[in-house]
Amino acid sequence: MTVWYNVGMKTLIAPSILSADFADMGNEVKNMSDVGADWIHVDVMDGVFVPNLTFGFKMIKDLRPLSQLFFDVHLMINQPKRYVKRFVESGADLVSFHYEAEEDIDGTIEVIKSAGCQCGLAINPDTDVQKIAPFISKLDLILIMTVFPGFGGQKFIDGSLERIGTAARLRDKYAKNAVVEVDGGVTTLNAKSIVKNGANVLVAGNAVFGAADRAQAIRELRGE
């Protein structure tokens, strides 16, 4: 497992396996180590909070032995508190859940932390970033969605850079060791601007899995 992010580290790239070949998922995950990815981003969707269904506990459990990379599990499900402990037990290194999907945010954070896992809080593009301020001191990661969650391959929403900057300023004020992760429409063309506005971790789906040279795509996303 990779070391948790430390201030001063390079920009981390977290390829989303939502864009991988589902028929060859084991080899796709193994390949991410070979091409220089830092994390594996796992999008869990329930068909209720978002209009799509993806992975569950067994997928994560089966993939876990195939990679030493950090498993960044993003829950796009209603009432995630019911399930977060099982995702940790399945092999998640970090579990993020949505502000919009859970009434008991403090309680959900506590369940994740008490299970020995890093915790992130995600917000949709139409949620005021300031709403997560009361929780930031307890978080390891702030996940800014730059598309509406549910499907890969969407275009980065205009105005998202300002939201990333707001999240970074809140992080600096309340939790200096937390990171800002950006998910949605990240490409080699906009990555530099995203990082300039304060992001530490870039989730990239098609930009990595759809690239002819995945290693080169990851280097370009990092700005190397």
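Is cysteine 119 buried or exposed, and at what relative accessibility? At 0% relative accessibility, cysteine 119 counts as buried. The legends below describe close-up views of a predicted model.

**View 1. Cysteine 117 and cysteine 119 are not bonded to each other.** Cysteine 117, like its neighbour in this view, counts as buried, with a relative accessibility of 4%. The sulfur of cysteine 117 has its closest cysteine sulfur in cysteine 119, at 7.8 Å, which is too far for a bond. Cysteine 119 is accordingly in no disulfide. A disulfide is a covalent bond between the sulfur atoms of two cysteines. To be counted as one, a pair of cysteine sulfur atoms must lie within 2.5 Å. The structure as a whole holds 0 disulfides.

**View 2. Strand 3 is buried on both faces.** Strand 3 covers residues 70–76, and 7 of its 7 residues are buried, so this strand is largely enclosed by the rest of the structure. In a regular strand the side chains alternate between the two faces of the sheet. On one side of strand 3 are Phe70, Asp72, His74 and Met76. On the other side are Phe71, Val73 and Leu75.

**View 3. Strand 2 and strand 3 run parallel.** Strand 2 consists of residues 39–45, and 7 bridges join it to strand 3. Methionine 45 stands opposite methionine 76, a residue of strand 3. Between the two strands the chain passes through helix 2 (residues 57–63), and this β-α-β crossover is right-handed.

**View 4. Strand 3 and strand 4 run parallel.** Strand 4 consists of residues 94–98, and 3 bridges join strand 3 to it. Aspartate 72 has leucine 94, in strand 4, as its bridge partner. The chain leaves strand 3, passes through helix 3 (residues 84–90) and reaches strand 4 in a right-handed β-α-β crossover.

**View 5. Aspartate 140 contacts lysine 113.** Aspartate 140 lies in the loop between strand 5 (118–123) and strand 6 (141–145). Although it is found in a loop, aspartate 140 counts as buried, because its relative accessibility is 12% and the cut-off for buried is under 20%. The side chain of aspartate 140 makes a polar contact of 2.7 Å with the side chain of lysine 113.

Methods: Residues numbered from 1 in each chain as written. Predicted model: local features only at pLDDT ≥ 70, side-chain atom pairs only at ≥ 80, totals over all residues. Heavy atoms only, no water. Helix = DSSP H or I, 4+ residues; strand = E, 2+ residues; numbered from the N terminus. Buried < 20%, exposed > 50% of the residue type's maximum accessible area, 1.4 Å probe, protein only. Polar contact = N/O pair within 3.5 Å; in protein donor to acceptor, adjacent residues only side chain to side chain. Pairing = 2+ DSSP bridges. Right-handed = clockwise from strand over helix to strand, strands pointing away.
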